[in-house]
Amino acid sequence: MSTPAPVPIQGEEPTIPLFAERPEWADVVPLEQYEGVNPLAPIMYTPVYKDATNYFRGIVKIGEKSQRVLELTEAIIRLNPAHYSAWQYRYETLLAIDAPLDVELKLMDEIAVKYLKTYQVWHHRRLLLTITRKPAQELDFITRSLTADTKNYHTWSYRQWLLAYFNDEDELWTGELDFVDAMLAQDVRNNSAWHHRFFVVWGCGVREGEEDRERVYKRELTYVKQNISLAPNNLSAWNYLRGIMEHTKTPYSTVKAFVRPYTLPIDPTSVDIVDLENPPPTKGANLPCPSAIEFLADIYEQEKNTLEAIELWTSLASQHDVIRKKYWEHRIRDALEAART
Amino acid sequence: MSSLPTPSPTDSFPTLTSQTQAETEAVLLKHIPDGVEPLPGLQKNAHMQFLIRNLVQGLPTRYISQDASQPWLMFWTIQAFSVLQVGLDPGNKQRAIDTIMAWQHPDGGFGGGPKQAAHLLPTYAAVCSLAIVGRPGPGGGWDQIDREKLYKFFMSLKQKDGSFLVSHHAEVDVRGIYCLLVVASLLDLITPELVVGTAEFISSCQTYEGGFASASHPSYTLKGELLSSPCPPLGEAHGGYTFCALASWVLLQPFIVDQPTKPTMNIKNLLRWLVQMQGTEIELGGFKGRTNKLVDGCYSWWCGGAFALLEALGVGGIQNADSEEVPIDDPDDPWDDIDDGLYNEKALQEYILYAGQHPAGGLRDKPPKNADAYHTLYCLSGLSSAQHHVFPSTARRQKVESAWEASPDTPNEALRKRVFTSILSWTEDESTSPSRIVGGHTNRLNATHPITNLTMTHTEAIAAHFYKQTVPPRSRKVPLPG
């Protein structure tokens with residue numbers, strides 16, 4: 001789902017000699033992929049790709065695991081990093097010949113950055129790390145990868161896996177909140193970073209120094225309110241607010257005073273005030289903000305104030321968020337139904 | 001549209017996300033009909049030509065990047081034909097069957113190409129392709145699937161937390177689980193042993209946003225027993241994973257009913273997340289795959305198609321409505337009273353018709369991108385699901401149930417029967433369809449099954465074969481001419 005569109009081979013095909021022309025490969029019988037079948041929807045392979053994969057099939061057939069298999073699978077991976085069978089066979093070969101895995105990781109540093117969007121490059125790293133068990137240097141590598149592609153799903157999942165799997169407070173976790181802060185300071189709309197924050201603070205157990213959950217909740221609440229005030233029309237931040245309140249089972253009504261100004265048109269007469277508890281929208285904000293109206297309606301619903309909630313849902317359906325009209329009507333039906341019973 | 005839609009608000013605080021969003025909106029704006037030119041219809045012929053070119057002439061060299069996804073290329077192409085109401089001729093059907101069978105691994109399952117390792121994703125694509133072109137008997141493909149080895153392959157991938165690796169030494173993710181469950185449900189391979197713990201795993205992948213992540217990370221006691229928490233999702237809520245998780249959840253219902261403690265899913269949050277994925281007017285109502293990302297035609301299926309699945313859980317759909325209608329009336333909108341959907345199906349159809357079609361044939365993520373096989377199918381399937389209301393019908397379920405021929409010697413008889421009847425209970429509500437189709441009857445596509453994404457006919461035929469059942473005929477209205 002992430003990389004469905006065919007991607008052109010990056011740059012020129014490497015000018016490596018064909019395996020068929022190399023004397024050191026003369027003992028391997030290359031295997032065509034289709035035998036006795038005239039395939040439908042065939043891919044028009046380049047000679048280099050066809051040659052390498054023919055030799056790969058030949059190697060798999062005889063089950064050879066040797067140094068030269070690493071060379072062959074690397075060649076295939078560079079031509080098609082999604083060739084999971086080549087990755088799988090490479091991994092088995094690394095183990096079978098007891099290859100130095102730090103060398104492999106070094107190669108992966110280069111390959112991963114080149115083919116960021118491929119599942120296999122990240123999974124291969126995971127396999128290696130579970131053996132080398134040296135996660136500390138990984139964080140820097142991931143941070144650099146995220147600079148190139150700030151929302152890469154695999155990169156973020158890999159970071160979360162690393163933190164959860166090794167779970168080492170001192171080596172891995174100490175700088176994590178600062179890292180999220182930096183990512184969100186760069187782009188407050190980066191939903192991957194917001195999700196990472198949830199993972200770090202709430203999802204993966206309680207870290208050292210974070211045992212006082214009430215204090216942590218207050219810190220997070222202040223943080224997300226500040227970020228909403230900076231750019232109110234940011235669904236990521238509203239979702240985080242909802243997330244932490246639901247996680248801690250805090251009633252939505254406790255933030256009513258904060259939310260309300262965002263549901264109204266901008267007030268040109270307002271003066272700049274510093275209110276850490278309820279930071280107001282900035283001057284440049286586009287108000288009213290549909291996410292705030294939705295939130296206030298949910299507050300009313302929780303308070304069993306159905307009529308006020310319906311009024312807000314109606315305004316979303318007819319004015320502020322017309323594309324979701326049917327959903328707002330559904331909310332109205334549900335609330336009426338609940339009020340009746 | 002009378003006036004141009006407004007750009008997404010940036011609160012005078014631009015970031016990389018808002019800049020990319022603004023660039024996309026500027027492009028999409030040019031695809032909003034001007035009211036002077038005739039509205040673009042579905043270019044069925046151009047799309048057919050695009051697909052035929054891929055099938056017969058072959059796929060261009062850039063598709064080497066998908067050499068390990070040959071079953072997918074096949075499935076996307078021939079299923080797109082089915083959605084376009086076109087079948088292959090017998091000669092090409094046989095060629096397709098022979099090609100597909102070359103992907104079966106000697107130890108069970110299908111690989112991404114001949115002599116590639118077996119993998120859950122190509123196994124789904126290969127089996128579903130066989131549902132379209134295959135048949136029973138020698139050379140027909142169906143009876144050449146090694147079901148015993150396939151089951152062993154599935155079991156060899158199973159993890160302690162109820163999840164599955166997608167292939168040996170490979171990753172765990174909910175796409176693999178969806179693929180496994182569809183295949184196991186169609187081929188009569190579901191057993192309690194196979195799916196125990198899987199619903200709990202799916203449940204743990206739901207994020208605070210309401211959608212689902214690729215996987216979750218389990219924790220164990222020192223003795224190796226699975227703990228219920230922490231079990232954090234790895235990655236944020238995502239349209240593709242959400243579809244797979246939700247469809248898996250629906251497929252697991254026949255098993256879940258037997259469980260003393262039932263895993264849970266927050267359906268309210270899921271629905272909210274799904275509707276939030278629909279872009280606004282300036283995005284022509286296309287769907288995005290994650291919060292604050294860009295719209296993409298493929299999410300027409302992964303997100304738009306997910307609404308039908310919710311109906312199996314009692315959300316949306318006229319059959320689930322037990323309260324009075326409270327439509328907010330708009331006299332200018334003839335769509336207002338037509339149906340009971342929860343998202344804007346009309347706008348989604350417009351996104352695909354106006355922005356999703358490449359002028360040279362095939363469908364795409366968004367302009368100005370090229371068309372490709374993947375986007376062609378998922379744009380078409382998404383369009384189809386917005387055109388048709390396909391729902392789990394109680395009446396149909398009872399009919400299939402009463403026609404069930406028991407085979408008392410078979411283990412798990414009750415479970416098998418529930419799996420079979422629930423997958424075949426999905427029915428098209430033909431009364432609403434004509435009025436739902438943007439652009440009228442010429443744009444009509446075949447309905448697809450909300451879980452398998454095969455047509456209803458193909459789903460029924462292959463399931464009936466493997467369960468050795470006769471499916472009662474459907475009472476069909478006479479199709480409209482044209």
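Here a visitor asks a guide how the terms used for this predicted model are earned.

Visitor: What should I know before we start, about the numbering and the model?

Guide: Residues are numbered from 1 along each chain as its sequence is written, while chains are lettered from A and ligands numbered from 1 in the order in which they are written. This is a predicted model, where local features need pLDDT of at least 70, side-chain atom pairs count only at pLDDT 80 or more, and totals for chains, interfaces and linings use all residues.

Visitor: Why is Tyr178(B) called buried or exposed?

Guide: Let's count. A residue is buried if 20 or more other C-beta atoms lie within 10 Å of its own, exposed if 12 or fewer, and partly exposed in between, with C-beta atoms placed from the backbone. Tyr178(B) has 25 other C-beta atoms within 10 Å, so Tyr178(B) is buried. Tyr178(B) sits in helix 7 of chain B.

Visitor: And what makes Thr130(A) buried or exposed?

Guide: Thr130(A) has 12 other C-beta atoms within 10 Å, so Thr130(A) is exposed. Thr130(A) belongs to helix 5 (residues 119-132) of chain A.

Visitor: Which label does Asp188(B) get, and why?

Guide: With 19 other C-beta atoms within 10 Å, Asp188(B) falls in between, so Asp188(B) is partly exposed. You can find Asp188(B) in the loop between helix 7 and helix 8 (192-195) of chain B.

Visitor: What is notable about phi of Asp188(B)?

Guide: Phi of Asp188(B) is near 60 degrees, which is positive in a residue other than glycine. Most residues other than glycine have a negative phi. Ser12(B) also has a positive phi, near 50 degrees, and lies in the segment before helix 1 of chain B.

Visitor: Which residues does Tyr178(B) touch?

Guide: Leaving out residues up to four places away in sequence, Tyr178(B) touches Cys244(B), Ala247(B) and Ser248(B). Being in contact has a cut-off: the C-beta atoms of the two residues, placed from the backbone, lie within 7 Å.

Visitor: What makes the largest nonpolar core a core?

Guide: A nonpolar core is a set of buried Ala, Val, Leu, Ile, Met, Phe, Trp, Tyr and Cys residues joined through C-beta atoms within 7 Å. The largest one has 220 residues, and Val127(B) and Val174(B) have the most contacts inside it. Domain 1 (42-51 + 69-157) and domain 2 (174-265) of chain B both give residues to this core, so it lies between them. The domain bounds come from an automatic or database domain assignment. In soluble globular proteins, nonpolar side chains tend to be buried together.

Visitor: How many residues of domain 1 of chain B are in contact with domain 2 of chain B?

Guide: Twelve residues of domain 1 of chain B are in contact with eleven residues of domain 2 of chain B. The side of domain 1 that touches domain 2 divides into ten nonpolar, one polar and one charged. Here Ala, Val, Leu, Ile, Met, Phe, Trp, Tyr, Cys and Pro count as nonpolar, Asp, Glu, Lys and Arg as charged, and the others, Gly among them, as polar.

Visitor: What makes helix 19 of chain B agree with its expected span?

Guide: Helices (H or I, at least four residues) and strands (E, at least two) are DSSP runs, numbered from the N terminus. The expected span is 1.5 Å times one less than the number of residues. For the twelve residues of helix 19 (residues 456-467) of chain B this gives 16 Å, and the end C-alpha atoms are 16 Å apart, so the two agree. Just after helix 19 of chain B, Lys468(B) has a positive phi of about 55 degrees.

Visitor: How does chain A compare with a compact globule?

Guide: The radius of gyration is taken over C-alpha atoms, and the globule rule is 2.2 Å times the number of residues to the power 0.38. A compact globule of 341 residues would come out near 20 Å, but chain A has 27 Å. Chain A has 16 helices and zero strands, and 45% of its 341 residues count as buried.

Visitor: Where is there a cis peptide bond in chain A?

Guide: The bond from Leu287(A) to Pro288(A) is cis, with omega near -5 degrees. Pro288(A) lies in the loop between helix 13 (256-259) and helix 14 (290-302) of chain A. Most peptide bonds are trans.
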